[in-house]
Amino acid sequence: MTLAPLLAVVALLYLGLLFAVAWWADRRADQQRSVIANPTVYALSMAVYCTTWTFYGSVGRAAGSGVGFLPIYLGPTLVMALGWFLLLKMIRSAKANRITSIADFIASRYGKSQLLGGLATVIAVVGVVPYISLQLKAVSGSLGILLQQPAALLPRHDAAQPFFADSTFYIALILAAFTVLFGTRHLDATERHEGMVAAVALESVVKLVAFSAAGLFVTYGLYDGFGDIFQRAQAVERLRVLAGSLAAGQGYATWFSLTLLAALAMLFLPRQFQVAVVENVNESHLKRAIWLFPLYLLLINVFVLPITLGGLLRFSGQGVDADTFVLTLPVAAHQDALALLVFIGGLSAATGMVIVETIALSTMVCNDLVMPLLLRWTGLAQGGARDLSGLLLAIRRGAILAILLLGYLYFRLAGEAYALVGIGLISFAAVAQFAPAMIGGLYWRGGTRDGALAGLSAGFLVWGYTLLLPSFAKSGWLPASFLTDGPFALGLLRPQQLFGLTGLDEISHSLFWSLCANLGAYVVVSLRRPPTAVEAGQARLFVDALKLSRPVGVALWRGRADSGELQTLVGRFLGPERARAAFAGYARRHGVADPATLEADADLVHFAESQLAGAIGSASARAVVASVAQEEPLSPAEVMEILDEASQLRRYSRELERKSQQLEAATHQLTAANARLQELDRLKDDFMSSVTHELRTPLTSIRALSEILRDDPDIPPPERQRFHTIIVGETERLTRLVNQTLDLAKIESGNAEWHTTEIDLKQLVAQSAEATGQLFRDKEVALSLELPERVPPLLADRDRLIQVMLNLLSNAAKFVGRGGKVTVRLAETPEGLRVDVADNGKGIAPEEQQLIFERFRQGGGMTDKPAGTGLGLPISRHIIEHFGGRLWVESVPGAGATFSFVLPRAAVGQ
Amino acid sequence: MQGSILRGPRLVALFLAGCLLFNYPVLALFDRPVELFGLPLLFVYLFAAWFGLIALMAWIIERRRD
């Protein structure tokens, strides 16, 4: 394999590609077409959790303890099940308070305390430095292997070598330059880095692909699948124990404490906080991450044990460091392309971690460590330089470089004493110290600033004493007697058997004592005094993060300020242009044309503070705003009052909302009822005009004929007789009309009398046919009956049903032509008893088939209006429906019409 | 973020189940020199239980409604 030049070119090309992806994603973000607003990208960016520790170190760990590498991934899996509560709450409260780092989070939660923010920053930096050195060690190791093959060992570091001749030093510098380019090109008020997230998500894919490729090659290329590797391992006593048992390297206590440690690290590592909380675009993305991220962890671990066993079998007795198996196995098999891919995968794992971690740490160092000191010493907020945004960027860039150099320093001092995982675990134990203050801060209102300070300090000190110092001692930087005999030969204080506690591995031992000290101090000191006003207010914002719809921070400020000064202040840190735009936007939202005339009320002060919080952290923002605004302190009682007021207001507004919804529903019902009433009113008017019209027609003819009879005595008797007949007929029609109108009105109003008896429908139909027989014979219409033998009895009103039958039969007689044919059928159907009255008249047009059941609408059109009142069918329909049946018509124009009704068997009149 | 009101409690139950499955003493039940499909029992158990847990998490979180 051609060596250094090729490697350098490939590595630089890859870094260039990452940079291009980041640049592209940043551009897209500026165009409001974010590429990272995607749940899968979010889940993949979380996989920055998998660093070279996972990529190279898991195999090394497995070589010592079998499945003992797994708790590091089971812990995060379990914590993701709780992510629905924990992460969501962290995201909500971070967004509501414009929090940009974990130190900012803790400082903000406990009353925007600068001291607390600074302490958290120190812990994060010191704690994570070993982790960064791990990445340097892994990258320089992998480079060394590719350059020095076939002597495939992690190169022993030569302590005598000056740093400028050490390639690791240059790797650190390149990574620093790369990170500066990535993360600090411009200052963002929300501290979000879309380009970085996109690049990290891509790197997650690359490292998974590279590791799986190596795993597939070892499992199926060098050996014959999983079963084959495990079978061969069975033959070797040591490997048999390693592959199939926990007892090989560690006990259940270690297993448990590693699971816990990894779970806490997953939440509180600065880079995990950065990608999971700060860079979260949309909290619904959490849904997919909850299962996709653990799935990623599972996939990247499937091949760890096969690679370990394969390496141990192949390199048995050659002294190859198991941390390098992922790379040395392909190299030993002369798979150059695969080796290169693995190298790129390892580089991905390292750069992803270093970029996100140092950016997160540099934000903390700038906002929570350097800014407070600068503000205190130089009065930066009042005068001096007009635009401080350049200074902020410079501080961050310097911090990135310093952190990487610290990592390199640790690598020189202590890196050789540990395997990769061992170094990483030291960092895990450090960030676990954030757990009491963070989790307590999210769920317990009683935690105070003093409690958090005491807990963090105590935990950090114990961690340093039991893990960090021993790591120096093991490297020979401190005397070895420090470990074996304790400081000043005090045996009880031996750092890895503190107070004589033995039987635990060093990580579990340190975790136990440091968390005891941390949690104990946090709780005890917090309980010494009740929270102050500011603490209580902030506690409310975090503990109730899932309940608050709008931050109540605004209400917790009272005092005087000047809007011009505020804008100038924000401009110093964000740049005057950005500040002007921000204030103009604020003014627009509040309906004010000129930002200069804005009233500097609590709302505006809060706005300015939150703008600054994005750039310099909440604690510093509060301090600089206080320098231009005269705040009147609130007493705890006042704070509680405001908070209560706020919650009461919320309650009232919810109540109001509920009431207004009810009101709206009632209005709807009223509108519907009103429409119905108007419709009924219209129907009544129609009815009245129809009735009067119908009454007037016979009356007119009666009156006309009567007047002729009165005025003209000379009318011949036959003519007089005819007139009298017409008058009598019209009078009868009038009587019928009045009767039927009354009848219909009674039925419709529900006042009709019903005499329900058991009736035989067959007999009733026959009787009706007989009664109308003369009518049919007069018109020479053939009436035929088709009746079954017998039908079950019905409960109904006999006279009313006869009325219906007579109506249907007389209608048929009326509309069928001379010589026509009418058939009456009675049949039993599933629905009930059915009666059809079919004629072969001219039929009813489809558009009329519904109209004829309305009052005064008669079939046959206006020209040849037949005799009748137009009320028969409506009344019949009402009667049938009263007994639960239905009445309808089927007709084909020209082929007759069939009127049918069905009465249910169980019909019972009310 | 709407969803079934049972989603939260279900995930908590899953978390507790996971804590049980991946710790002593349940773990000790599988920590014995027995083979399954030619693979060590502990290895098979850990990955199977892990995968089952993830599948359940996905099911709980992604299902549309009850």
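Colleague: Buried means under 20% relative accessible area, so in this predicted model, is Phe883(A) buried or exposed?

Modeller: Phe883(A) has a relative accessible area of 2%, which is under the 20% cut-off, and therefore counts as buried.

Colleague: And which ring does Phe883(A) pair with?

Modeller: Phe883(A) pairs with Trp754(A), and because the ring centres are 5.5 Å apart and the planes stand at 85 degrees, the pair is edge-to-face. Trp754(A) is buried as well, at a relative accessible area of 18%.

Colleague: Where in the chain do those two sit?

Modeller: They join distant parts of chain A, 129 residues apart: Trp754(A) belongs to the loop between α30 and β3, whereas Phe883(A) belongs to the loop between α34 and β8.

Colleague: How many aromatic pairs are there over all chains?

Modeller: The structure holds 30 of them over all chains, and in chain A ring pairs also link Tyr49(A), Trp53(A), Tyr73(A), Tyr131(A), Phe293(A) and Phe428(A) into a cluster.

Colleague: Tyr73(A) is in α4(A), right? How many residues of that helix are buried?

Modeller: Helix α4 of chain A covers residues 71–81, and 11 of its 11 residues are buried, Tyr73(A), Leu74(A) and Met80(A) among them.

Colleague: What about chain B, what kind of pair do Phe43(B) and Phe47(B) make?

Modeller: That pair is tilted, with 5.1 Å from centre to centre and 50 degrees between the planes. Both residues lie in helix α3 of chain B, four residues apart, or about one turn of the helix. An α-helix has 3.6 residues a turn, so residues three or four places apart point the same way.

Colleague: Are Phe43(B) and Phe47(B) buried or exposed?

Modeller: Phe43(B) is buried at 6% relative accessibility, and Phe47(B) is buried too, with a relative accessible area of 13%.

Colleague: Switching to the interface, how many residues are in contact between chain B and chain A?

Modeller: On the chain B side there are 32 residues, in contact with 38 residues of chain A. The two chains bury about 3,300 Å² between them, and 78% of that lies on carbon and sulfur atoms.

Colleague: How many salt bridges and polar contacts cross it?

Modeller: The rule finds zero salt bridges across the interface, while three residue pairs are in polar contact.

Colleague: Which elements of chain B touch chain A, then?

Modeller: The elements that give two or more residues are α1, α2, β2 and α3 of chain B, and α3(B) gives the most, with 12 residues. By class, that side of chain B has 23 nonpolar, four polar and five charged residues.

Key: Residues are numbered from 1 along each chain as its sequence is written. Chains are lettered from A and ligands numbered from 1 in the order in which they are written. This is a predicted model: local features need pLDDT of at least 70, side-chain atom pairs count only at pLDDT 80 or more; totals for chains, interfaces and linings use all residues. Side-chain values use heavy atoms; hydrogens and water are left out. Contact means heavy atoms within 4.5 Å. Buried area is the accessible area (1.4 Å probe) that two parts lose on being put together, summed over both. A salt bridge is a side-chain nitrogen of Lys or Arg within 4 Å of a carboxyl oxygen of Asp or Glu. A polar contact is a pair of N or O atoms within 3.5 Å; within protein, one must be able to donate a hydrogen and the other to accept it, and residues adjacent in sequence count only if both atoms are side-chain atoms. Ala, Val, Leu, Ile, Met, Phe, Trp, Tyr, Cys and Pro count as nonpolar, Asp, Glu, Lys and Arg as charged, and the others, Gly among them, as polar. Buried means under 20% relative accessible area, exposed over 50%, partly exposed in between (1.4 Å probe, protein chains only). Rings of Phe, Tyr and Trp (its six-membered ring) pair if their centres lie within 6.5 Å; planes under 30 degrees apart count as stacked, over 60 as edge-to-face and the rest as tilted.
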